[in-house]
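Got your viewer open and ready? Let's take a short walk through this one, picking out one selection at a time.

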Amino acid sequence: MQECPTAVIFGAGSVGRGFLGQLFSESGYEVVFVDVDEPLVEALARRGSYTLRLSGIEKVEDLTIGPVRAVNGLHTGQVAAEVAKASLMATAVGARALAVIAKSIAAGLAQRWEAGQTTPLNVIVCENLHDAPDLLRGYVRETLPDALKPCLRGRVGFVPAVIARMSPVPTSEQRSADPTLIVAEPYKVLPVDREAFVGDIPQVVGMETVTPFTAYVERKLYIHNAAHAMLGYLGYCRGYAYGYEALDDPWVRPLLDQALDEAGRALVAEHGFDPQALQEHVQDILARFANRALADPIGRLARDPLRKLAPGDRLVGAARLAERHAIRPEGLAWGIAAALAYDNPDDIHAMELQTRLAQEGLGGILGYVCDIREDEPLADLVCRRYRMLREEPQWQGKP
C-alpha cells in the first residue's frame, strides 16, 4: 500500500486548521500540524482529526478533517524529521514567528538532503506580510550549514499566498467543548504565486496559481484587509463588539464605502483590474463580512495597530496608492485616524501606540510609524479626522 504524502503546516490556528488543513486533506495529504499550543497538539494527536465548522450565511455544517497528526514546535528534532519527509509545507504562524520556525525547517532540509532526497519541496507562505517568503528564505538560509546553502534556491520554493477565508478565534466555551474545533466561512479559494514554485506545482483543492501576483496581493491588502481594519477601528470607536455590527452602522458604513471606492479606483489604475469585476469582488466581500454566524470580534479585526499602520500596509499603503493616481484618500484617512485612536487596554500593541503618542505627539507618530510627514496633505487629512474622533460625541461609544 502506497504511503500517504504528508503536508506539514506550521501553525494550527485560524488559517492552519481553518483553511489549509481542509484543502490539503481533501487533496489526499496526511496533514501534520506544528504548533506550540500543547493542549491543542495533544488533542489533535489523540483524535487524529479535528472539527471544522463551516458557518455560512445560509447554513452551518461540521466537517471532520483527517487524517492529521501534530507535533509540538518546541521539539525541534521531531519537527525536523517531519520536514525531512514532507511532500508539501505551509506556514501560518504570523510574521513575528518566521525566524523561530526557520530553525526547524533548516534542520529538516539538512536531514532531507543529506539522505539524498533532492525532490523539490514547496512552502506555501500564508502570512499577512508582503515580503514574508523572502524573509523566511533568508532565515532558513542563515541557519543552514554553509555547504548546503547553495541547495536552497533550486530545491525549495517559498510561495506567497493570499488568505481570504475568514476564521475567528474559537471562544473559550467552544474550546472547552471540543479543543480541536475551528470555525470558518465556506469561502474556498487560495490564490498563490505561480512563478514562485520550484519543480512541479502540487495539485491542491481550491488553490489557484496566478500571475502577476502583486496585483492579487494588493487587492487583498487594500480591499479585504483595509475594510476589516476600517470596521475594527471605527467599530471600536462606536462601541461595537463585532464587525457585522459596525458594517450596519450609519456613521461607519459611508466611510467604509468611501475608502473602498478610493482603494478600488487606485487598484484599477495601478493594475488594470476590470472595474465591474472589482466592484463585484468588493460586494462579495461585504456580503461575507455581514455573516453573523462568524461573529468576528472587533478586537481581532483591530489588533496590532502598529503593524497595520506601517507605510506599505492596508491603510497607509492604500492611501499612498490612491495619491499616486491623483485620488484624494479622504475615506482611507478615517481608517488611519481611527487606528491611531485605538486605545484598547487588552491589546498590548495598542497600549504601546498610545504611550508613544503621549510621548511623541501625533505628528511624531505619523512620521515614525506611518512615514507620513507633517507637511503632507495626507497628514492634514488624518489629523483633522483624529481630532473629530477624539472630540465628537458620536465617536465616544468605545467600551
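Start by selecting Asn291, which sits in the loop that links α11 to α12 (298-302). Keep in mind as you go that you're looking at a predicted model. Is Asn291 buried or exposed? It counts as buried, because its relative accessible area is 7%, and the cut-off for buried is under 20%. Now show what is around it: leaving out residues up to four places away in sequence, Asn291 touches Ser55, Gly56, Ile57 and Tyr244.

Keep Asn291 and Tyr244 selected, since both help line the second largest cavity. That cavity has a volume of about 80 Å³. To see the rest of its wall, add Met166, His228, Leu231, Gly243, Arg288, Phe289, Leu294, Ala295, Asp296 and Leu301. Which elements give two or more residues to this lining? They are α8, α9 (243-247) and α11. Color the wall by residue type and you should get seven nonpolar residues, three polar and two charged.

Leave Arg288 on screen for the next stop, as Arg288 also lines the largest cavity. Here the space comes to about 100 Å³. Along with Arg288, select Val162, Ala164, Tyr187, Pro191, Tyr216, Arg219, Lys220, His224, His281 and Ile285 to show the lining. Two elements each give two or more residues to it: α8 (213-237) and α11 (275-289). The largest share, four residues, belongs to α8. By type, this lining splits into six nonpolar, two polar and three charged residues. How many cavities of 30 Å³ or more are there? The count is three.

Time to move to the strands. Select β2, residues 30-35, and check its accessibility: six of its six residues are buried. Turn the strand to look at each side. Glu30, Val32 and Val34 are on one face, Val31, Phe33 and Asp35 are on the other, and all of them are buried.

Next, add the partners of β2. Strand β1 (residues 6-10) runs parallel to β2, joined to it by five bridges. Zoom in on Phe33 in β2 and you'll find Ile9 opposite. Then bring in β5 (residues 68-72), which also pairs with β2 in the parallel sense, over five bridges. For a close-up of this pairing, pick Val31: its bridge partner in β5 is Val68.

For the last stop, switch to cartoon view and add helix α1 (residues 16-26). Together, β1, α1 and β2 form a right-handed β-α-β unit.

Key. Residues numbered from 1 in each chain as written. Predicted model: local features only at pLDDT ≥ 70, side-chain atom pairs only at ≥ 80, totals over all residues. Heavy atoms only, no water. 1 Å grid on protein atoms, 1.4 Å probe; cavity = no way out; pocket = protein on both sides within 12 Å on 5 of 7 lines; lining within 4 Å. Points joined across faces, edges and corners; volume = space filled by probe spheres on them. Nonpolar A, V, L, I, M, F, W, Y, C, P; charged D, E, K, R; others polar. Buried < 20%, exposed > 50% of the residue type's maximum accessible area, 1.4 Å probe, protein only. Contact = heavy atoms within 4.5 Å. Pairing = 2+ DSSP bridges. Right-handed = clockwise from strand over helix to strand, strands pointing away.
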